[in-house]
Amino acid sequence: MAEVLVYVDHVDGAVRKPTLELLTLARRLGDPVAVHLGPNAEEAAKTLGEYGAVRVLAADAPEFADYLVVPKVDALQAAYEAVSPAAVLVPSSAEGKEIAARLAVRIGSGIITDAVDLESGDEGPVTTQSVFAAAFTTKSRVTKGTPVITVKPNSATPEAAAAAGTVEELSVSFGEAATGTKVTSRTPRESTGRPELTEAAIVVSGGRGVNGAENFHLIEGLADSLGAAVGASRAAVDAGWYPHSHQVGQTGKTVSPQLYIATGISGAIQHRAGMQTSKTIVAINKDAEAPIFELVDYGIVGDLFEVVPQLTEEIKARKG
Ligand SMILES: Cc1cc2nc3c(=O)[nH]c(=O)nc-3n(C[C@H](O)[C@H](O)[C@H](O)COP(=O)(O)OP(=O)(O)OC[C@H]3O[C@@H](n4cnc5c(N)ncnc54)[C@H](O)[C@@H]3O)c2cc1C
């Protein structure tokens with residue numbers, strides 16, 4: 001069976017959910033071979049094998065952490081040359097897309113970015129993209145070289161399918177460009193204790209209706225009562241009420257949680273583009289005509305300053 005390279009996104013060996021989604025999708029095309037760069041490959045391999053990786057090609061070197069993406073591209077190219085895969089799948093993060101694009105240029109292949117689904121086809125993988133603020137769904141296929149495809153987080157539900165996950169050392173020689181841009185310092189992001197936005201099962205978002213940074217504690221309180229991540233509309237982010245990293249939508253993050261609660265958000269098409277595939281959608285808005293109510297499963301017409309505190313208290317009380 002053909003092999004499919006899957007680039008592993010991990011934190012010190014803890015494999016992140018988008019990689020498990022890629023492994024699940026890769027199995028539609030062939031046998032997944034994971035490429036793990038950095039420390040703790042053995043630990044990562046347990047998870048990678050559980051989700052279908054037949055092999056884990058592992059390389060660790062200070063260059064991966066000390067320089068920007070080029071050393072990782074060198075390593076992924078080495079894996080590509082060692083395996084001759086049917087496709088290369090990379091998570092659609094900013095870094096993932098840069099790595100994928102550089103690899104595609106080097107190996108003379110076509111690339112598809114931000115796929116939301118993929119299936120095998122007679123002439124190679126057929127990918128689905130959601131474009132123009134999700135107004136259109138397109139299907140496309142790489143026609144030159146080995147398809148390099150980046151896939152958006154939450155495009156598939158990770159499904160376990162045990163495979164060997166055998167760790168093999170990947171030998172990498174770094175090119176001259178690898179050490180061109182050195183990382184000179186790192187500042188860890190302050191931890192909120194909340195789940196990562198794109199991976200959370202529940203997201204509570206606030207919009208212009210929240211009416212100020214000082215009121216976002218209401219959204220955070222509701223999120224914490226549910227163990228949720230906090231999102232925001234672009235209006236709230238542009239007003240400086242919440243960090244850009246929490247923006248949901250066309251020019252923000254795409255989320256697809258089990259439950260999405262939109263508070264004080266009108267439901268502009270650009271916001272919907274980032275959340276409309278959520279399984280259950282709840283909106284709290286004082287305007288009964290707000291477009292967000294067109295796509296909700298449950299709508300509460302009311303003032304969020306009255307509804308949100310009551311909802312938070314009720315949830316806390318029920319959780320005991
Ligand atoms: C190219 C482009 C890209 C964009 N990308 C994004 C994106 O990624 N994400 C995004 O979100 N937007 C994006 N936008 C902006 C988008 O068009 C909207 O302007 C934005 O989503 C509106 O944010 P909002 O719903 O918070 O604000 P508004 O549209 O102003 O809606 C506020 C809502 O809050 C309700 N409200 C007010 N007070 C209360 C209260 N006390 N209680 C309950 N409800 C209340 C109002 O009834 C209203 O419905 C983009 C726009 C463009 C042109």
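Let's start with what surrounds the ligand. In this predicted model, 25 residues form that shell. The closest are Arg208, Ser233, Thr251, Ser266 and Gln270.

What is the make-up by class? The shell around the ligand has 14 polar residues, six nonpolar and five charged.

Now the contacts, one residue at a time. Take Ser266. A polar atom in the side chain of Ser266 sits 2.6 Å from a ligand oxygen. Next, Gln270. Here a polar side-chain atom is 2.7 Å from an oxygen of the ligand. Then His271. An N or O atom of the His271 side chain lies 2.9 Å from a ligand oxygen.

How much of the ligand does the protein cover? On its own, the ligand has 980 Å² of accessible area, and the protein covers 76% of that.

Which elements contribute to the shell? Three give two or more residues each: helix 7, residues 234–238; helix 8, residues 269–272; and helix 9, residues 304–319.

On to the pocket. The ligand takes up the space of the second largest pocket. The volume of that pocket is about 500 Å³. Its lining counts 26 residues, and the closest to the centre are Arg208, Ser233, Gly264, Ile265 and Ser266. You have heard Arg208, Ser233 and Ser266 already, among the residues closest to the ligand.

Where does the lining come from? Helix 7, helix 8 and helix 9 each supply at least two residues, and so does strand 15, residues 280–285.

Last, the lining by class. The second largest pocket is lined by 14 polar, eight nonpolar and four charged residues.

Technical notes
Residues numbered from 1 in each chain as written. Predicted model: local features only at pLDDT ≥ 70, side-chain atom pairs only at ≥ 80, totals over all residues. Heavy atoms only, no water. Near = heavy atom within 4 Å. Polar contact = N/O pair within 3.5 Å; in protein donor to acceptor, adjacent residues only side chain to side chain. Areas by Shrake-Rupley, 256 points an atom, 1.4 Å probe, with all protein chains shown as cover. 1 Å grid on protein atoms, 1.4 Å probe; cavity = no way out; pocket = protein on both sides within 12 Å on 5 of 7 lines; lining within 4 Å. Sits in = over half its atoms within 2 Å of the grid points. Helix = DSSP H or I, 4+ residues; strand = E, 2+ residues; numbered from the N terminus. Nonpolar A, V, L, I, M, F, W, Y, C, P; charged D, E, K, R; others polar. Points joined across faces, edges and corners; volume = space filled by probe spheres on them.
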